[in-house]
Amino acid sequence: MLAAIGVMIAIAVVVGVVLGWSAIRLKVEGNPLAEKIDAILPQTQCGQCGFPGCKPYATAIAKGEADINLCPPGGDEGVKKLAELLGVEAKPMDESHGQHKPKSVAFIDENICIGCTLCIQACPVDAIAGAAKQMHTIIASECTGCELCIAPCPVDCITMVPVTQDLPQWKWKYPRIPLIAMGTTIAPSPSGRGLG
Amino acid sequence: MPCAPILLEAYLLILISTVFVNNIVMAKILGLCPFMGVSRKLEAAIGMGLATTFVLTLASGASYLVSEYLLGTELFYLRTLSFIVVIAGIVQFTEMFIHKTSPVLYQVLGIYLPLITTNCAVLGIPLLNVQEQHGFVESLFFGAGGAIGFTMVLILFAGIRERLETCDVPTPFKGVSIAMVTAGLMSLAFMGFSGLVK
């Protein structure tokens, strides 16, 4: 009886010491998964998902508190990438958080701007240069197209301009092969050879 | 060391026997919970297989040491109890290790990772080791072989299930039913290995 208790205590102590040591050695700092998710998000910091920025949204996804289809700027492409990373099914965008639009940048009509600095305060990425009573302008390479500056402008001088495709941002298109559902008949081609 | 080739042959036979002939899932019908639960996606199946391999090999070695040097013949009634404690400790360690090295795998495995503790294959193999009076190295090979067999079957099964997703399965057989039928057929196929090794 005593031997049995002694043996079990010995096993428990050894296991406890090993686990305690590895808990200190293998401690995970921060959330590495949240950082991987953050890298996929478009970094517009627009807040359309309902979180104050891309990082908080990534943290919420990593914790399982938010769905993966709330990011309109990321679009379906972004949802697909997130689903792949997390090993879940991709789903269509949640339209209630906004619609996916082509990437655009804000443009300030400098003839109308009164230099009120309201848009500078609204910009989450500091892409607007200017000072009080001075004309403001947008640094196009920094602008993420989040549209947060449009609402505060008292004279409505900000418009969104779609980004035209030029050399620095041209990308290969994915090859697309049309899918044909099984069971549908394909009209035989004029040469008489069907596609099987 | 004149007997080294003979020993090597014996270890090889143990490996072949546990992987193919006495496959832990197909022949002994152990470890069915992860077999059914984590075989939906190939990647998760591979991860689960690797984690189980790691745990099972360590657990076989550790429980041999426990049963041989701590329990002996007098305290044999503590075998199951102490094995469970040792396995739980090893699984906990594996969980921390995977959390540190591969957060995505950690997320994918989810609840199944701590559930390796209750995977009866992991407890079954150390108990079989004692029953068949294996030595330390034999125990390790038996554990590793069983785990490799488990991983192989899990990966094969996950591959089949991924293909079944796109198949036109009759409605009453959809989901788990067709998976059960598939598992049964796989088990039948594995019976073809019987007689290869004792």
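Start with α3(B) and α7(B), where α3(B) passes α7(B) in a right-handed crossing. This is a predicted model, and in it the axes of these two helices sit 8 Å apart and pack at an angle of about 165°. Angles over 145 degrees count as roughly antiparallel, so α3(B) is roughly antiparallel to α7(B). If you sort the residues of this contact by class, you get 18 nonpolar, 11 polar and 1 charged.

Now stay on α7(B) and follow it to its other partner here, α8(B). Helix α7 covers residues 136–165 of chain B and helix α8 covers residues 176–191, and their axes come within 11 Å, crossing at roughly 140°. That angle makes α7(B) oblique to α8(B). As for handedness, α7(B) passes α8(B) in a right-handed crossing. Which residues make the contact? On the α7(B) side they are Phe157(B), Ile160(B), Arg161(B) and Leu164(B). Across from them, α8(B) brings Ile178(B), Ala179(B), Thr182(B), Ala183(B) and Met186(B). The spacing in those numbers is worth a look: an α-helix has 3.6 residues a turn, so residues three or four places apart point the same way. By class, the contact of α7(B) with α8(B) divides into 7 nonpolar residues, 1 polar and 1 charged.

Next, pick out helix α4 of chain B, residues 79–101. Its 23 residues reach 32 Å from the first C-alpha to the last, close to the 33 Å expected at 1.5 Å a residue. Which of its residues are buried? The list runs Ser82(B), Phe83(B), Val86(B), Ile87(B), Gly89(B), Ile90(B), Val91(B), Phe93(B), Thr94(B) and Ile98(B). The cover over these buried residues comes from both chains: it includes α1 of chain A, together with α3 (42–71), α5 (103–109) and α6 (120–131) of chain B. So α3(B), the helix we began with, turns up again as part of the cover on α4(B).

Zooming out, chain B has 8 helices and 0 strands, and along the sequence its pattern reads α-α-α-α-α-α-α-α. Of its 198 residues, 38% count as buried. Take the contacts in chain B between residues at least 6 apart in sequence, and 80% of them join residues at least 24 apart.

Chain A mixes its elements, with 5 helices and 4 strands. Read along the sequence, they come in the order α-α-α-α-β-α-β-β-β. Here 19% of the 196 residues count as buried. For contacts in chain A between residues at least 6 apart in sequence, the share joining residues at least 24 apart is 56%.

How do the chains meet? On the chain A side 19 residues are in contact with 22 residues of chain B. Three helices of chain A, α1 (2–25), α2 (32–40) and α4 (75–86), each supply at least two residues of the side that touches chain B. The largest share, 12 residues, comes from α1(A), the helix that also helps cover the buried residues of α4(B). That side of chain A has 17 nonpolar residues, 2 polar ones and no charged ones.

A few spots in the loops of chain A round things off. Gln45(A) is in the loop between α2 and α3 (54–63) of chain A, and its phi is near 55°, a positive value in a residue other than glycine. For context, most residues other than glycine have a negative phi. Is Gln45(A) buried or partly exposed? Gln45(A) has 19 C-beta neighbours inside 10 Å, so it counts as partly exposed; being buried takes 20 or more.

Glu147(A) is another non-glycine with a positive phi, this one about 70°. Its place is the loop between β3 (137–138) and β4 (158–162) of chain A. With 18 other C-beta atoms within 10 Å, Glu147(A) is partly exposed.

Finally, go back to the loop between α2 and α3 of chain A, where you'll find Gln48(A). Gln48(A) has 18 C-beta neighbours inside 10 Å and so counts as partly exposed. Leaving aside neighbours within four places in sequence, Gln48(A) is in contact with Pro72(A), His97(A) and Gly98(A). The C-alpha atoms of Gln48(A) and Gln99(A) are separated by 9.7 Å, although the two residues are 51 apart along the chain.

Definitions and conventions
Residues are numbered from 1 along each chain as its sequence is written. Chains are lettered from A and ligands numbered from 1 in the order in which they are written. This is a predicted model: local features need pLDDT of at least 70, side-chain atom pairs count only at pLDDT 80 or more; totals for chains, interfaces and linings use all residues. Two residues are in contact if their C-beta atoms, placed from the backbone, lie within 7 Å. Ala, Val, Leu, Ile, Met, Phe, Trp, Tyr, Cys and Pro count as nonpolar, Asp, Glu, Lys and Arg as charged, and the others, Gly among them, as polar. The expected span of a helix is 1.5 Å times one less than its number of residues. A residue is buried if 20 or more other C-beta atoms lie within 10 Å of its own, exposed if 12 or fewer, and partly exposed in between; C-beta atoms are placed from the backbone. Axes are lines fitted to C-alpha atoms, for helices over the stretch in contact, and angles run from 0 to 180 degrees between N-to-C directions. Angles under 35 degrees count as roughly parallel, over 145 as roughly antiparallel, 65 to 115 as roughly perpendicular and the rest as oblique. A crossing is left-handed if the near helix is turned anticlockwise from the far one by less than a right angle, and right-handed if clockwise.
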